[in-house]
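User: I would like to go through this structure step by step, beginning with empty space inside the protein and then turning to the ligand.

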Amino acid sequence: MADTRKRIDTLAVHAGTPTPRVLGAIVTPIFQSAMYEDEGASTYHDIRYIRLNNTPNHLAVQEKLAALEGAEAALVTSSGMAAITTAMLSVLRAGDHLLVQDSLYGGTHTFVVHDLERLGISYTFVAAGDPPSWERALRAETRAIYVETISNPLMRVPDLDGVVAFAQRHGLVSMIDNTFASPVNFRPVEHGFDLSLHSGTKYLNGHSDVAAGALIGSAELVRGAKRMLDHLGGSLDPHACFLLERGMKTLALRVRRQNESAQKLAETLAAHRAVARVHYPGLREHPGHERAARLFDGMGGMLSFELRGGVPVAERFSAALSIPALAPSLGGVETLVTRPALTSHSALAPEERGALGIADSLIRVSVGIEAAEDLIADFAQALDRAA
Ligand SMILES: Cc1ncc(COP(=O)(O)O)c(C=O)c1O
């Protein structure tokens, strides 16, 4: 069982560090060895081998992850999608049915729509804020429910307590993509979720220099996922484990700073005459504000907004920014700006985006750790030049 008595800042630095330290090294060294001497492993899954995710670097980072979310166990994977697909395939079998939130990260959406059915697994999309619709969609063969803590790009917050209660009432496995919140702002297992999933490429690593994923939950579910991953092969390389572990040491510092700066930026944008609408759970007018305030320790570093004047103004605004990079990812130390209509939601027709409330001029921001004053000044000058 992970050590959950200490605060997350302390766990982020120390949890998982091998004891005694390896030859006294303060930092877990990189064990760049694909295989290890036979120590009498009793099953295939216990042989120590990089693909089986059980080398010293895997064990260190997995213990840290479990501790951060107050869970029994964790498993790292080669990307967030490897964590999501491995989790689904370890929980679901041919003949099973999945309830899944209707606004999902694009890669997850595509996997559900294109691949699950082919494997004999059916699904129904449900509105995460409408619990009665989940009851109506339930079938005898429903096995799991899948949601995201904060949806992209409108930052909606599902009825997370309701999802847990519903899953427990009907004996379903509850799965949640916790990437946008990070363990600093929300720890799903503490709220009763069975499996928490992450793109470690984002906040966990935080430096935009590694692709990784994580799956966190009970020892039993994580063991099942490890067996699936051992076969699928989406394991994390030891050097990437090292980068992920190093990045996570500053997770609490980074995310708290990002929470604060995103709140200031959201308030500034909401008060600007060129801005039509801001989507940020920390704003009182956001539909998920009360729920987020009750469930989360912080409102996150992600926000989006619409400019008056539509796409031409959005284009001029993006070009006039000097600090943020224009790039579709999130969760790193540098502020990133993207237009979902051109990136994450480009596969949808404008009418489909419109039906979801995603304007073509919508701008999504992943707030970094730069000085909030500098970011706000840069956004203000770009708004003035674009309007
Ligand atoms: C919410 C969310 N989940 C999962 C993923 C997939 O992560 P990865 O790119 O590490 O596979 C992403 C990637 O953008 C994401 O934003």
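**Cavity and ligand**

Analyst: In this predicted model, the lining of the largest cavity is made up of two nonpolar, one polar and three charged residues.

User: Which residues line the largest cavity?

Analyst: The count comes to one cavity of 30 Å³ or more, and the space in the largest cavity is about 30 Å³. Its lining has three charged residues beside two nonpolar and one polar. The residues that line this cavity are Val27, Thr28, Phe242, Glu245, Arg246 and Lys249.

User: Which helix gives the largest share of the shell around the ligand?

Analyst: A residue counts as part of the surroundings if one of its heavy atoms lies within 4 Å of the ligand, and 13 residues surround the ligand, the closest being Gly80, Met81, Asp177, Ser199 and Thr201. By class, the shell divides into six nonpolar, five polar and two charged residues. The largest share, three residues, comes from residues 80–91, that is, from helix α3.

User: How much of the ligand's accessible area does the protein cover?

Analyst: Looking at individual atoms, a polar side-chain atom of Asp177 lies 2.6 Å from a nitrogen atom of the ligand, while an N or O atom in the side chain of Thr201 is 2.6 Å from an oxygen atom of the ligand. For the side chain of Lys202, an N or O atom is 3.1 Å from an oxygen atom of the ligand. On its own the ligand has 390 Å² of accessible area, and the share of this that the protein covers is 87%.

Conventions
Residues numbered from 1 in each chain as written. Predicted model: local features only at pLDDT ≥ 70, side-chain atom pairs only at ≥ 80, totals over all residues. Heavy atoms only, no water. 1 Å grid on protein atoms, 1.4 Å probe; cavity = no way out; pocket = protein on both sides within 12 Å on 5 of 7 lines; lining within 4 Å. Points joined across faces, edges and corners; volume = space filled by probe spheres on them. Nonpolar A, V, L, I, M, F, W, Y, C, P; charged D, E, K, R; others polar. Polar contact = N/O pair within 3.5 Å; in protein donor to acceptor, adjacent residues only side chain to side chain. Areas by Shrake-Rupley, 256 points an atom, 1.4 Å probe, with all protein chains shown as cover. Helix = DSSP H or I, 4+ residues; strand = E, 2+ residues; numbered from the N terminus.
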